[in-house]
4 protein chains.
Amino acid sequence: MKPELPFSVVRAGHAELRVRDLAASRAFYEEILGFVVTEERDGQLFLRGVEERHHHSLVLTEADAPLVSHLAFRVAEEDHLDALASYFESLGCRVQFVEPGTEPGQGRALRVQDPFGFPLEFYAEMQQAECLLQKYHLHKGAGVRRLDHFNCFVSDLARCEQMWREGLGFRLTEYVETDDEPRAKKAVWLHRKGNVHDLALMEGLGPRLHHIGFWMDDVVSIIRVCDILGGAELHTHIERGPGRHGISNAFFLYLRDPDGHRIELYTSDYLTVDPDHEPIRWSARDPRRQTLWGHQTPESWWRDGSPVMDWDSEAPVALSGATDARAATYIK
Amino acid sequence: MKPELPFSVVRAGHAELRVRDLAASRAFYEEILGFVVTEERDGQLFLRGVEERHHHSLVLTEADAPLVSHLAFRVAEEDHLDALASYFESLGCRVQFVEPGTEPGQGRALRVQDPFGFPLEFYAEMQQAECLLQKYHLHKGAGVRRLDHFNCFVSDLARCEQMWREGLGFRLTEYVETDDEPRAKKAVWLHRKGNVHDLALMEGLGPRLHHIGFWMDDVVSIIRVCDILGGAELHTHIERGPGRHGISNAFFLYLRDPDGHRIELYTSDYLTVDPDHEPIRWSARDPRRQTLWGHQTPESWWRDGSPVMDWDSEAPVALSGATDARAATYIK
Amino acid sequence: MKPELPFSVVRAGHAELRVRDLAASRAFYEEILGFVVTEERDGQLFLRGVEERHHHSLVLTEADAPLVSHLAFRVAEEDHLDALASYFESLGCRVQFVEPGTEPGQGRALRVQDPFGFPLEFYAEMQQAECLLQKYHLHKGAGVRRLDHFNCFVSDLARCEQMWREGLGFRLTEYVETDDEPRAKKAVWLHRKGNVHDLALMEGLGPRLHHIGFWMDDVVSIIRVCDILGGAELHTHIERGPGRHGISNAFFLYLRDPDGHRIELYTSDYLTVDPDHEPIRWSARDPRRQTLWGHQTPESWWRDGSPVMDWDSEAPVALSGATDARAATYIK
Amino acid sequence: MKPELPFSVVRAGHAELRVRDLAASRAFYEEILGFVVTEERDGQLFLRGVEERHHHSLVLTEADAPLVSHLAFRVAEEDHLDALASYFESLGCRVQFVEPGTEPGQGRALRVQDPFGFPLEFYAEMQQAECLLQKYHLHKGAGVRRLDHFNCFVSDLARCEQMWREGLGFRLTEYVETDDEPRAKKAVWLHRKGNVHDLALMEGLGPRLHHIGFWMDDVVSIIRVCDILGGAELHTHIERGPGRHGISNAFFLYLRDPDGHRIELYTSDYLTVDPDHEPIRWSARDPRRQTLWGHQTPESWWRDGSPVMDWDSEAPVALSGATDARAATYIK
Ligand SMILES: [Ca+2]
Ligand SMILES: [Fe+2]
Ligand SMILES: [Fe+2]
Ligand SMILES: [Fe+2]
Ligand SMILES: [Fe+2]
């Protein structure tokens, strides 16, 4: 048994996205995707999926330009935040604690700009909200159930993977690797909560958010989203899919929100709680890793991502690394 | 080729139901089942399914007591109505023509009390309405697509079947029959439009409407109705199912509306346009005819039906025949 | 009421495809698509869907090169064949009658090379086979239910449409048209059996078969085919989809069989039996006609088709018309 | 944070069932449910679901009478077995260690008759087997994915719950309770792996196994099992459902295997990894706990269960407690 870490990350918790037109974003997230509004205040919406009992898994904040304000992970115990702060300080990162309620519904939180530039937040406590899972008559649109994962572009994948696995206790479930020697990983799927991932990292121009994945009930509810978008003549929000990933086995659909932030609707992956769960290797040359059905991935999916915020300056973090994730790392 | 009839019935067209509380019925049919309101006028609602292009397939009329005001069939040509009138007069029935617009949206219509007591209507013309099939973002609840069929209790099944088949040109697809000699049919499924039925007749206390069947897109949308009703704590509207019929192969759900009128949500039967399409016989002793899965049918389903209106007196038509359809005709 | 034709086409009936490797084709059609083998004889397989009660809806014939040997339509009465022969002779076509059993399971049949070069067959009688619809435990792979339609490239669309509608009694349900004056139709969907089509015609290099469409039970069974093909590493058979057509509203998947013949799996269109059913016009500039979700159609789908056989020479019929259907007729 | 236990149970691992006719059971589990045979040896079959990577989640052993030989849980580390042995010894239980391979594929294991009479097994290591999740072309019948949970009748629920929660670290997610004071729990759902349960306990005549629950991909695959059983005229294996549980929100189907052992096919519950996840209370008077749709539960479901084996004598363990679970504990 490995030496235990002095903290335990439970799962991906929530994200905050800056959007330019809160009303337009609300229409997309509430009417089309089916998020429930827990709280609304000046220039901000706090949203949750129909299964979720926490105050929010998504915050939309009106601003002049799209940006990812932060990505947050839930930890098991309130005092794990202090141990996490020590860990990030040991990496030379700026850390900051914010008081309960600084973010509505949220307890004391640790904010840190990680060594790769991502604005992370960790918290143990969040206010409860009503679970609407069985209030099927109130579900709208896609009826999104819950946050599943974050997927990020990072320029130095090897070091970043090491931080999340060795430093933060995430477990590897699948990875993409070049075939030529020396072999190099090009993307990794890492989890804490017992399915394929809470966080995926792809080598590329970073730090950027590639997408946020939300859990859906089944294949049919994802098809339904396509039909709803098509019916409303909002089909240009569909970027890729629906399809079946080779990696993760998930049935997926990628959407772009009104600001271009990418949302994945995701279902049907598998259980990974076993300690001897063996990671699956995919060759970077294998087209079935992208979809089991052999579908092409559009250029924009390889290229586009959302910049992330510097906690201090509130400006976008400068980018480094390959400008084209696919060109640098994948053979399509 | 059989001598042709001087008229051609196209399909089951619409029904009018008397209900006691129009607002309560509207909530059920519009919010839960997803009917679209084409027109509303004093004490009446004209509804259609999302696929339908005609003004209505269901009329709800507020009244003191629940009743089936009429069952209507569409014919191919306007002048078929005259030939139909002659046919019904030859049977000794009262017939009456009503002017276009007597029923909103409907052209000239023939009204007749058939020899078995059913208040029938035939019409060729009806005002067009917008088809909402592809406006998926506007679909509500079950998203009912279209009227499929009527199912009626009749006390003299043999003569009634004869009228519909020989007199009116309906084609038999399936039937239930006793095994003992002389064999006797206990229920028949008759169609004009090319699937299993536009009209089913079951021997029993009649004339009564057993149910109106509406077409659904698929199995999942029927499961969804159950969840919506369960979520809204309206589950007592569910009388039977979901399940797979042996007869018709349809996936079904039976609901009772706020007045007890029975609605079937129905999908996945089969094509019957071939002239050599052979009717399927089911033994009255075979439980798989009711559901392929062997589920029991509740007593109420065998027992209850909606009385029908006398066109002249507007009162319920008196009943005759077995008081318990199952006892008389089926071996459960 | 229009003057009646002296014959009535019931529906698209069956097709015969020449394939190079019967064992490979059998694996594809039987194991993946789930066709049932009714009869096998030297170099030929006679297949039907699980719902079908006729001896075959698809014939596979081993040969040196892929070809469409014939497309067959069922008529209502045996003596309609004579009236049809007269009609085609009036168009200057070669016609030929073949005796019952010339094609296994099939009664007397009329064979004709139509004015556009298609090898057509008409027949009224075909031997019954067991319906396996409710023998769900025997269904394999996709569990294809029944033949739905043929889709063909034709170089002179206007005249060809006229033959099928005025000459043969087919009804128009949807069409694609240019917006510029004079407007010209670029594709038409024509039916007899009461849903969107038995036959679609697209302007292009013809005569060629674009695809044969088979009816599936629902969306999920189509997704299942993709997963089965992906699992078996046969994903290169998937050419396009799954998706939702604007035209027809069908949920679809296009596959290429081992010889490149295109098969569509198709479900969820709508009822068209009403005599006043209004055809739907789609602009050739509207991308939603292809899919409601806005997906791009691959080049091969626009370009490729199967040549058809000359009844006399058994050689492929020479082609004429635009070499690129899309370039000539569509604005992608 | 609670004092930590010196062991960590990962999840429900596997069960061994005695069956009278191994060939008949194999047909049911392999062809209908879709289990994969990992190993077959004299009088025994070792089965796994299509997602599973361990040698087995179900062992079928031919014997004279049906019995549950053992229920097994996986622990995180091999040396947790010793700590578990100490715990059970502290309860006065007989414990026994068996060498790796005593059960094919399984490492060193701890066997214990728990204070309530259940033959439990704990193990950390099991041989890997190929994951067939993405080999969709090889899936049969229901395509069962993985073991989800055990559900047991126990006569002393309060003490048994205490053992599993306080002694073994299971977490409560839902429970049924009487409304009258003093309130008493009548059933509890307990988990380790992060969904609703690995183990449910119902007060009643025990120790008996009520059912083993297996995870299914979605609603449609459960409907498919009903159709397959109906098609094969094996519908009497269906005991209850399909339906939507109030408790757990799962979509379910209960089957009885050829020996009467009850199998649940189960999908669509929810994530429970949060440390502050609040258990849901259901009143024993609330019919929606059983199904959200209000369906009645058959008598047999309340009454029947499988006896369990005494590790030493290999005979059934004697029963105590209420003879009718429902009468004693539920108000239907
Ligand atoms: Ca620990
Ligand atoms: Fe936050
Ligand atoms: Fe009417
Ligand atoms: Fe033929
Ligand atoms: Fe074991």
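**Exercise 1. Burial and overall form of chain A**

Determine what percentage of the 332 residues of chain A count as buried, and describe the build of the chain.

Solution.
Step 1. In this predicted model, 67% of the 332 residues of chain A count as buried.
Step 2. The secondary structure of chain A consists of six helices and 18 strands. Its radius of gyration is 19 Å, close to the 20 Å that the globule rule gives for 332 residues, so chain A is as compact as a globular protein of that length.
Step 3. The C-alpha trace of chain A spans about 55 × 45 × 40 Å along its principal axes.
Step 4. Among contacts in chain A with a separation of 6 or more, 68% are between residues 24 or more positions apart.
Step 5. The accessible surface of chain A is about 11,000 Å², and carbon and sulfur atoms account for 48% of it. Chain A carries 37 positive and 53 negative charges, whose mean positions are 4 Å apart.

**Exercise 2. Two helices of chain A**

Find which residues of helix H2 of chain A are buried, and state what covers them.

Solution.
Step 1. Helix H2 of chain A comprises residues 80-90, and its buried residues include His80(A), Leu81(A), Ala83(A) and Leu84(A). Ala85(A), Tyr87(A) and Phe88(A) are also buried there.
Step 2. The cover over these buried residues includes four strands of chain A, namely E5 (67-75), E6 (95-98), E7 (109-113) and E8 (119-123). Helix H3 (157-167) of chain A is also part of that cover.
Step 3. In H3(A), the residues Leu157(A), Cys160(A), Glu161(A), Met163(A), Trp164(A) and Gly167(A) are buried.
Step 4. Look at what comes after each helix. Just after H2(A), Gly92(A) has a positive phi of about 85°. H3(A) is followed by Gly169(A), with a positive phi near 85°.

**Exercise 3. The iron ion in chain B**

List the donors of the iron ion (ligand 3) and place two of the donor residues in the chain.

Solution.
Step 1. His14(B) and His70(B) each coordinate the iron ion (ligand 3) through NE2, Glu103(B) is listed with OE twice, and Glu121(B) with OE. The distances are 1.9 to 2.3 Å.
Step 2. Along the chain, these donors have the spacing H-x55-H-x32-E-x17-E. His14(B) is in strand E1 (residues 9-19) and His70(B) in strand E5 (residues 67-75) of chain B, so named by their order from the N terminus. The pair is 56 residues apart and links distant parts of the chain.
Step 3. Both histidines, His14(B) and His70(B), are buried.

**Exercise 4. The iron ion in chain C**

Are His14(C) and Glu121(C) buried or exposed?

Solution.
Step 1. The iron ion (ligand 4) has as protein donors His14(C) (NE2), His70(C) (NE2), Glu103(C) (OE, listed twice) and Glu121(C) (OE), at 1.9 to 2.2 Å.
Step 2. His14(C) lies in strand E1 (residues 9-19) and Glu121(C) in strand E8 (residues 119-123) of chain C, 107 residues apart.
Step 3. Buried means under 20% relative accessible area. His14(C) has 0%, so His14(C) is buried. Glu121(C) also has 0% and is therefore buried.

**Exercise 5. The calcium ion**

Identify the chains that supply the protein donors of the calcium ion (ligand 1).

Solution.
Step 1. The protein donors are OE atoms of Glu4(A) and Glu4(D), each residue being listed twice, and they lie 2.3 to 2.9 Å from the ion.
Step 2. The pair crosses between chains: Glu4(A) is in the segment before strand E1 (9-19) of chain A, and Glu4(D) is in the segment before strand E1 (9-19) of chain D.
Step 3. Glu4(A) and Glu4(D) are exposed.

**Exercise 6. Backbone exceptions**

Locate a cis peptide bond in chain C and a positive phi at Ser248(C).

Solution.
Step 1. Most residues other than glycine have a negative phi, and most peptide bonds are trans.
Step 2. The bond from Gly206(C) to Pro207(C) is cis, with omega near 0°. Pro207(C) sits in the loop between strand E12 (199-203) and strand E13 (208-215) of chain C.
Step 3. Ser248(C) is not a glycine, yet its phi is positive, about 85°. Ser248(C) is in the loop between strand E14 (238-244) and strand E15 (251-256) of chain C. At 1% relative accessible area, Ser248(C) is buried.

Technical notes
Residues numbered from 1 in each chain as written. Chains lettered and ligands numbered in written order. Predicted model: local features only at pLDDT ≥ 70, side-chain atom pairs only at ≥ 80, totals over all residues. Heavy atoms only, no water. Donors = N, O, S within 2.8 Å, 3.2 Å for Na, K, Ca; no water. Buried < 20%, exposed > 50% of the residue type's maximum accessible area, 1.4 Å probe, protein only. Rg over C-alpha atoms; globule rule 2.2 N^0.38 Å. Contact = heavy atoms within 4.5 Å. Areas by Shrake-Rupley, 256 points an atom, 1.4 Å probe, with all protein chains shown as cover. Lys, Arg positive; Asp, Glu negative; His and termini not counted. Charge placed at Lys NZ, Arg CZ, Asp CG, Glu CD.
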